[in-house]
Amino acid sequence: MLLKKLTEASGVSGNEKEVREMIIEEIKDYVDEIKIDSLGNLIAIKKGSAGYPKIMLAAHMDETGLMVKSIDENGFIKFYTVGGIDDRILISKVVSIGKDKVRGVIGAKAIHLQEPDERNKTLKHKQLYIDIGAKSKAEAEKLVSLGDYVTFFSDYVEFGDQLVKAKALDDRIGCAILIEILKYRYSSTIAAVFTVQEEIGLRGAGPAAYSLNPDIAVIVEGTTCHDVTDIDEPNFATRLGAGPALSIMDNASYYNKNILNRIIETAKKENIPYQLRQTTMGGTDAGSIHLAREGILCAGIAVPCRYIHSPISVMSKKDFEGCSNLVKAFLESIREEEFING
Ligand code: ZN
Ligand code: CO
């Protein structure tokens, strides 16, 4: 299954090559043009008819993870975090390091050795290390180098009522949906951008938007979902299984109301359940796309994911299908002259 392959690939921000190559294999027979820009964004063009707008679709290839910072005398590896990682999710996780995918585990001072006040605090990532089973610095250096990217090792598992557990659902979900979208032709020209470095500051999408100069952009994402125990309903952000979540605003941008309303209209017409994203936390590539050139109007459609930015994020296949169907139906619904220049 495509989403299994995509989520199990390594793609910490700045190291998107493995994911990019996987996507190229999937789309190359369906698109008119493929380009990789200098930052590493993968841009695929599917030409439409004259008189219709150019639509940029964006999904980021990168995921949060770690990077090798130093190796100590005993062969244990200290690391940086890449992107928004909660230190509390790190301990006892299995990781995969560098291009040879050297396996390791994240270790910490045992509870028996911790002072009483230490037990009440979160161990910071600086206090943790990766154990790759090396006996010395020299032995570790044969396998791992400074600057190597570290990915969580976490397999794709289906459970419950059509739920999926995997790492990097944010945003291999978007990548998988864009791949599916590109199998069809639309009246509008589609510029699908698989972006880089979203998790470290929305860095890839802006330059891609500048070079493409689209009429509007639609960002397809995996987004936060806190519909779990002990959380008040207004803070859920989204609910698992309630359909794709449409963005109104977040920390990085306001989304365009006209496009949002057109997407809602499409969802109603096609009988696709949808929800509005309730809180404003987080941001998407829209944050840099909407500021490109003279401003580019954006919409955001996302699949709710519990435990995002961790090795065990969870989504519903129903939301995933709904999101894919809604993006496709929206593109099919675009009329001549609509959205030209926003
Ligand atoms: Zn994301
Ligand atoms: Co993210």
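Ala, Val, Leu, Ile, Met, Phe, Trp, Tyr, Cys and Pro count here as nonpolar, Asp, Glu, Lys and Arg as charged, and the others, Gly among them, as polar. The views below show a predicted model.

**View 1. Lining of the largest pocket.**
The largest pocket of the predicted model has a volume of about 380 Å³. Its lining is made up of 25 residues, and T224, R277, M281, G282 and G283 are the closest of them to the pocket centre. Strands β13 and β16 are the elements that each give two or more residues to this lining. The largest share, 5 residues, comes from β13. Sorted by class, the lining of the largest pocket holds 8 nonpolar, 11 polar and 6 charged residues.

**View 2. Lining of the second largest pocket.**
The second largest pocket encloses about 220 Å³ of space. Its lining consists of S10, N15, K17, E18, G98, K99, K101, D148, Y149 and T151. Helix α2 and strand β9 (149–152) are the elements that give two or more residues to it. By class, the residues lining the second largest pocket divide into 1 nonpolar, 4 polar and 5 charged.

**View 3. Surroundings of G98.**
G98, which is among the residues lining the second largest pocket, sits in the loop between β6 (94–97) and β7 (102–107). Because its relative accessible area is 22%, G98 is classed as partly exposed. Leaving aside residues up to four places away in sequence, G98 touches D148 and Y149. D148 and Y149 are also listed in the lining of the second largest pocket. S10 is another residue of that lining. The C-alpha atoms of G98 and S10 are 9.1 Å apart in space, while the two residues are 88 residues apart in sequence.

**View 4. Helix α2 and the elements that cover it.**
Helix α2 spans residues 17–27, and its buried residues are V19, R20, M22, I23, I24 and I27. The cover over these buried residues includes α1 (2–8), β1 (33–36), β2 (42–46), α5 (169–181) and β12. K17 and E18, in the range of α2, are listed in the lining of the second largest pocket.

**View 5. The zinc ion (ligand 1) and its protein donors.**
The protein donors of the zinc ion (ligand 1) are H60 through NE2, D170 through OD, and E221 through OE, E221 being listed twice, at 1.8 to 2.5 Å from the ion. The site has 4 donor atoms with angles of 54 to 148° among them, and it is irregular. Along the sequence, the donor residues follow the spacing H-x109-D-x50-E. H60 in strand β3 (residues 54–60) and E221 in strand β13 (residues 216–224) are 161 residues apart, and the pair links distant parts of the chain. H60 and E221 are both buried. Strand β13 is also the element with the largest share of the lining of the largest pocket.

**View 6. The cobalt ion (ligand 2) and the bridge to zinc.**
The cobalt ion (ligand 2) has as protein donors D170 (OD), E199 (OE), E199 (OE) and H309 (NE2), which lie 1.8 to 2.7 Å from it. The arrangement is irregular because the 4 donor atoms subtend angles of 54 to 146°. Four donors would count as tetrahedral if all angles lay between 85 and 135 degrees. The donor residues of this ion are spaced D-x28-E-x109-H in sequence. D170 bridges the cobalt ion (ligand 2) and the zinc ion (ligand 1), and the two ions lie 3.3 Å apart. E199, in the loop between β12 (189–195) and α6 (205–212), and H309, in the loop between β16 (297–305) and β17 (313–316), are 110 residues apart and link distant parts of the chain. E199 counts as buried because its relative accessibility is 13%. H309 counts as partly exposed because its relative accessibility is 23%.

**View 7. The largest cavity.**
The model has 1 cavity of 30 Å³ or more. The space in the largest cavity is about 80 Å³. Its lining is formed by E63, T64, F152, K167, A168, L169, D170, I308, H309, S310 and S313. By class, these divide into 4 nonpolar, 4 polar and 3 charged residues. D170 and H309, listed in this lining, are among the protein donors of the cobalt ion (ligand 2).

Methods:
Residues numbered from 1 in each chain as written. Chains lettered and ligands numbered in written order. Predicted model: local features only at pLDDT ≥ 70, side-chain atom pairs only at ≥ 80, totals over all residues. Heavy atoms only, no water. Donors = N, O, S within 2.8 Å, 3.2 Å for Na, K, Ca; no water. Tetrahedral: all angles 85-135°; square planar, octahedral: opposite > 155°, others 65-115°. Helix = DSSP H or I, 4+ residues; strand = E, 2+ residues; numbered from the N terminus. Buried < 20%, exposed > 50% of the residue type's maximum accessible area, 1.4 Å probe, protein only. 1 Å grid on protein atoms, 1.4 Å probe; cavity = no way out; pocket = protein on both sides within 12 Å on 5 of 7 lines; lining within 4 Å. Points joined across faces, edges and corners; volume = space filled by probe spheres on them. Contact = heavy atoms within 4.5 Å.
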